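Good morning. I will go through a few side chains in today's structure, beginning with the aromatic ones. Please have the sequence and the model open.

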Amino acid sequence: VYPLVRAYAVTLDEKYAEHFWRWLEDWLQKNPPNTGPHYKCGQECAIRSFAVCFGLFAFMDCSASTPQRIASAVTMLAIHADRISKNIDYARYQKNNHAISEANGLYTIGTLFAELKDSEKWRSLGKKVLEESALTQISDDGSYAQHSMNYHRLVLDNYLWAIRLAKINGNEFYDKMISRVAK
């Protein structure tokens, strides 16, 4: 999705939007909700949700973005948020990057799609787990609990996304969380 959005941003060629929608329709057809390997991991659902949100908003004004396609994407995101919210305690107990990604998925979907009936629940739970995880997984000096640079990068990417989304939508996080992420 991200290369398609970049290509569209440079060229304004709507073929990239059409490719995005065809990819999403194919994925939805081959992966019925809450079945198969693509629904086993809440973190995968969250990361997929970021890509779908990115594509959806980037291609929103393209002719390929029909009301039916947009509705199917939003439905998919609601299904992903529901799946994550019902199982996030497992990720929270692990105290690792999964909790942060999943919380960010809930926060993102809950923030961007306020029209969904459970959006406030998802946004609030996502925000709570993001703040809680920052305090339990990021040390005062900014070091991360998991000593992998890839996990450190993943966590930083998630927090930067969430902090920016919060700022744009007037829903700030606690200063202590932001301070730890900044370090």
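Start at Phe113, which is buried, with a relative accessible area of 4%. Before I go on, note that this is a predicted model.

Tyr107 and Phe173 form a tilted aromatic pair, with the ring centres 5.1 Å apart and 50 degrees between the planes. Where do these two residues lie? Tyr107 is in helix α5, and Phe173 is in the loop between α7 (149-168) and α8 (175-182), so this pair ties together parts that are 66 residues apart in sequence. Tyr107 and Phe173 are both buried. Phe173 has a further partner: the charged end of Lys127 sits over its ring, 5.7 Å from the centre.

Now the count. How many aromatic pairs does a search of the whole structure find? The result is nine. One of them joins Phe57 to Phe113, again tilted, at 5.9 Å centre to centre and 50 degrees between the planes. Phe57 belongs to helix α3, while Phe113 is in the loop between α5 (97-112) and α6 (119-137), so parts 56 residues apart in sequence are tied together by this pair. Phe113, as I said, is buried at 4%, whereas Phe57 is partly exposed, with a relative accessible area of 42%. Elsewhere, ring pairs link Tyr8, Phe20, Trp21, Trp23 and Phe59 into a cluster.

Two residues of that cluster, Trp21 and Phe59, bring us to a serine. Ser65 is found in the loop between α3 (42-58) and α4 (67-94). Is Ser65 buried or exposed? Ser65 is buried, with a relative accessible area of 9%. Leaving aside neighbours within four places in sequence, Ser65 is in contact with Trp21, Phe59, Met60 and Ile70. The side chain of Ser65 also reaches the backbone oxygen of Phe59, at 2.5 Å.

Last, the cysteines. A search of the whole structure finds zero disulfides. Cys41 is in none, and the nearest cysteine sulfur, that of Cys45, is 7.3 Å away. Why is Cys45 not bonded to Cys41? A disulfide needs the two sulfur atoms within 2.5 Å. The sulfur of Cys41 is the closest one to that of Cys45, yet at 7.3 Å it is too far for a bond. Cys45 itself is buried, with a relative accessible area of 0%.

That is the end of my part.

Notes
Residues are numbered from 1 along each chain as its sequence is written. This is a predicted model: local features need pLDDT of at least 70, side-chain atom pairs count only at pLDDT 80 or more; totals for chains, interfaces and linings use all residues. Side-chain values use heavy atoms; hydrogens and water are left out. Buried means under 20% relative accessible area, exposed over 50%, partly exposed in between (1.4 Å probe, protein chains only). Helices (H or I, at least four residues) and strands (E, at least two) are DSSP runs, numbered from the N terminus. A polar contact is a pair of N or O atoms within 3.5 Å; within protein, one must be able to donate a hydrogen and the other to accept it, and residues adjacent in sequence count only if both atoms are side-chain atoms. Contact means heavy atoms within 4.5 Å. Rings of Phe, Tyr and Trp (its six-membered ring) pair if their centres lie within 6.5 Å; planes under 30 degrees apart count as stacked, over 60 as edge-to-face and the rest as tilted. A charge sits over a ring if NZ of Lys or CZ of Arg is within 6 Å of the ring centre and within 35 degrees of the ring normal.
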